Structure formats: C-alpha cells, structure tokens
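Subject: Structure for your review

Dear colleague,

Please find below the structure that I should like to hand over to you. I would be grateful if you could keep it open while you read the notes that come after it.

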Amino acid sequence: CGRFTDPATERSGLIYQLHDITSRRLAEDQLHHVAFHDSLTDLANRKRFNERLGTAVERNRSDAGQGFAVMFLDLDHFTVVNDIAGHDAGDDVLRHVARLLESHVRQIGWAARLGGDEFAVVLPGCALARGQAVAEQLRAAVHAWEPSYQGRSFTLGVSIGLVVLDASLQDVPSV
C-alpha cells in the first residue's frame, strides 16, 4: 500500500498491491503435515503425540485435573505378517489398524503411531472404567480382523497398557 499524488491534477490516492499467497500457504501446510504425521498411517507421529500430550498435561493441571486416559498399544504377532507375507502386507496391517483406532476414538480422543507397530491413544476427561471399556473395544476389534495375504490368514492381537492421569502429573516424560 502506498500514497501517491498526481502532479498534473494534484489528486492523491492510495495504491494497493495484492499478492496471491495460496500456493505458499498450501506448501507450508503440507510441510507442517509431513513434520507431524506418520507418512504410512497419517496418524499423529511421535513428535506430534508428545506435543499434544504436553498440552493435555498442562490443560489437566490448569483445569483442576479432570484427568485423562493414555493407552499404549503394541500389535501382537505383527512380525509374523511381515516375515511371511512381506513388508507391503505389514504396511497394509498398520494402515488398517490406524483406521480402526481412529474410527473408535475419533469422537472422544485421538490416536498416534509412535513407530513400528506401536500406537498410543489419548482420551481426555476419561475415567478408568470408560478407558477400560474403550481398551477392550480396541482389543476385540483388532482380534476380530483376520487379514489375508498370499492365500494365508493371520490372527493379530494387541497388548494395551492403560493409565488414567490426574492433576499431579507434571510433564510428558512422567507419563
């Protein structure tokens, strides 16, 4: 934006210069997404998990500690799929499990892939009984799915650790 005066007419006015930054903004959004999401499953990655968990811990301390549940999940028998059916099949399993986790917790919390076959779920404002019920739903859903690759079916399981955190928790490492 700049002012001008026409010497011949002595009229003055403003000049506006507009720039379309749509492509730059889209590129920045894409970089942010890549930095904070797992490329295979599109869930939050470990870095984003730690950030969001830190925010949840801080909010929990400042909101008189409503508490929240954190689950750590590790797929059982995943290496069998990788070893027998190959890494493409293993990647397919990880993507499917990610979608399954998201579909079960989307309305009440969020999920992340921490790496390998390890995932996490955070459920804000969740008491122990509700956390246990969600964990059981997740366990049953993973177990009920029988992936089939190269003419062979596989049975998966998931080990789930669950803790309900209160306002005494001070930081992410203590989680």
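The following paragraphs describe a sheet, the helices that pack on it, and a contact between two helices.

Please note that this is a predicted model.

The sheet is open and consists of 4 strands in the order β4-β5-β3-β8, with antiparallel pairing. At its edges lie β4 (110–115) and β8 (157–165), each of which pairs on one side only. From one strand to the next, the twist averages 20 degrees. Strand β3, which covers residues 68–76, runs antiparallel to β8 and is joined to it by 9 bridges. Within these two strands, Ala69 stands opposite Val164 of β8.

Two helices pack on this sheet. Helix α4 touches β3, β4 and β5 (118–124), and its direction makes about 5 degrees with that of β5. Helix α5, formed by residues 128–144, touches β3, β5 and β8; its direction makes about 165 degrees with that of β8.

Helix α4 (residues 87–105) also meets helix α3 (residues 78–85): their axes come within 6 Å and cross at roughly 145 degrees. Which residues make this contact? From α3 they are Phe78, Val81, Asn82 and Ala85, while α4 contributes His87, Ala89, Gly90, Val93 and Leu94. Sorted by class, the contact of α3 with α4 has 6 nonpolar and 3 polar residues, and no charged ones.

Yours sincerely,

A colleague

Notes. Residues numbered from 1 in each chain as written. Predicted model: local features only at pLDDT ≥ 70, side-chain atom pairs only at ≥ 80, totals over all residues. Heavy atoms only, no water. Axes fitted to C-alpha atoms, helices over the stretch in contact; angles between N-to-C directions. Contact = heavy atoms within 4.5 Å. Nonpolar A, V, L, I, M, F, W, Y, C, P; charged D, E, K, R; others polar. Pairing = 2+ DSSP bridges.
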